[in-house]
Amino acid sequence: MENKQFMVIFTFETDLSHKFIAMVPKHREKVNDLMIDGKILTYSLCLEKGLIWAVFEAKSESELRKIIKDLPLSAYMDYEINPLTFYSTNSNFTMSYSLN
């Protein structure tokens with residue numbers, strides 16, 4: 001089964017609780033691990049509006065839901081999953097040079 005890409009929009013309260021703030025380092029560590037593993041392709045935060053936009057890659061929406069559930073801050077956020085028809089970034093067009 002081929003991997004699919006999903007845009008996930010997370011929302012959270014902008015008045016952050018002490019519990020939320022205390023979990024941020026663990027959450028960032030998990031996000032970094034998922035980026036290294038290729039499960040998260042992009043991750044953007046707008047703290048002022050309480051929004052996170054992330055593009056995930058997973059085999060299915062159910063696999064994605066499990067990944068999201070394992071995020072330390074998932075209990076403090078609502079989210080909306082949007083399957084992507086296609087996903088492009090400028091890194092897809094980066095020139096590579098040969099030293100030969």
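Q: Which residue forms a salt bridge with Glu 63, and how far apart are the closest N and O atoms?
A: A salt bridge here is a side-chain nitrogen of Lys or Arg within 4 Å of a carboxyl oxygen of Asp or Glu. In this predicted model, the partner of Glu 63 is Lys 39, and their closest N and O atoms lie 3.0 Å apart.

Q: Where in the chain do Glu 63 and Lys 39 sit?
A: Try locating each residue by its element. Glu 63 belongs to helix α2 (residues 61–69), while Lys 39 is in the loop between α1 (18–36) and β2. The two are 24 residues apart, and the pair links distant parts of the chain.

Q: Is Glu 63 buried, partly exposed or exposed?
A: Buried means under 20% relative accessible area and exposed means over 50%, with partly exposed in between. Glu 63 has 23% relative accessibility, so it counts as partly exposed. Lys 39 is also partly exposed because its relative accessibility is 22%.

Q: How many salt bridges does a search of the whole structure find?
A: It finds 3. Besides the Glu 63 and Lys 39 pair, there is one between Glu 61 and Arg 65, with the closest N and O atoms 2.8 Å apart. Another joins Lys 66 to Asp 70, where that distance is 3.2 Å.

Q: Why are Glu 61 and Arg 65 separated by about one helical turn?
A: Count along the helix: these two are 4 residues apart in α2, which means about one helical turn between them. As for exposure, Glu 61 is partly exposed at 32%, and Arg 65 is partly exposed at 39%.

Q: Is Lys 66 buried or exposed?
A: Apply the cut-off again: over 50% counts as exposed. Lys 66 has a relative accessible area of 54%, so it is exposed. Its partner Asp 70, at 41%, is partly exposed.

Q: Now for the strands. In what order do they form the sheet?
A: To read a sheet, walk across it from one strand to its neighbour. Here 4 strands form an open sheet in the order β2-β3-β1-β4, with antiparallel pairing. The edge strands, β2 (40–46) and β4 (78–83), each pair on one side only. From one strand to the next, the twist averages 20°.

Q: How many bridges join strand β1 to β4?
A: There are 6 bridges between β1 (residues 4–11) and β4, and these strands run antiparallel. You can also look at residues facing each other across two strands: Ile 9 stands opposite Glu 80 in β4.

Key:
Residues numbered from 1 in each chain as written. Predicted model: local features only at pLDDT ≥ 70, side-chain atom pairs only at ≥ 80, totals over all residues. Heavy atoms only, no water. Pairing = 2+ DSSP bridges. Axes fitted to C-alpha atoms, helices over the stretch in contact; angles between N-to-C directions. Buried < 20%, exposed > 50% of the residue type's maximum accessible area, 1.4 Å probe, protein only.
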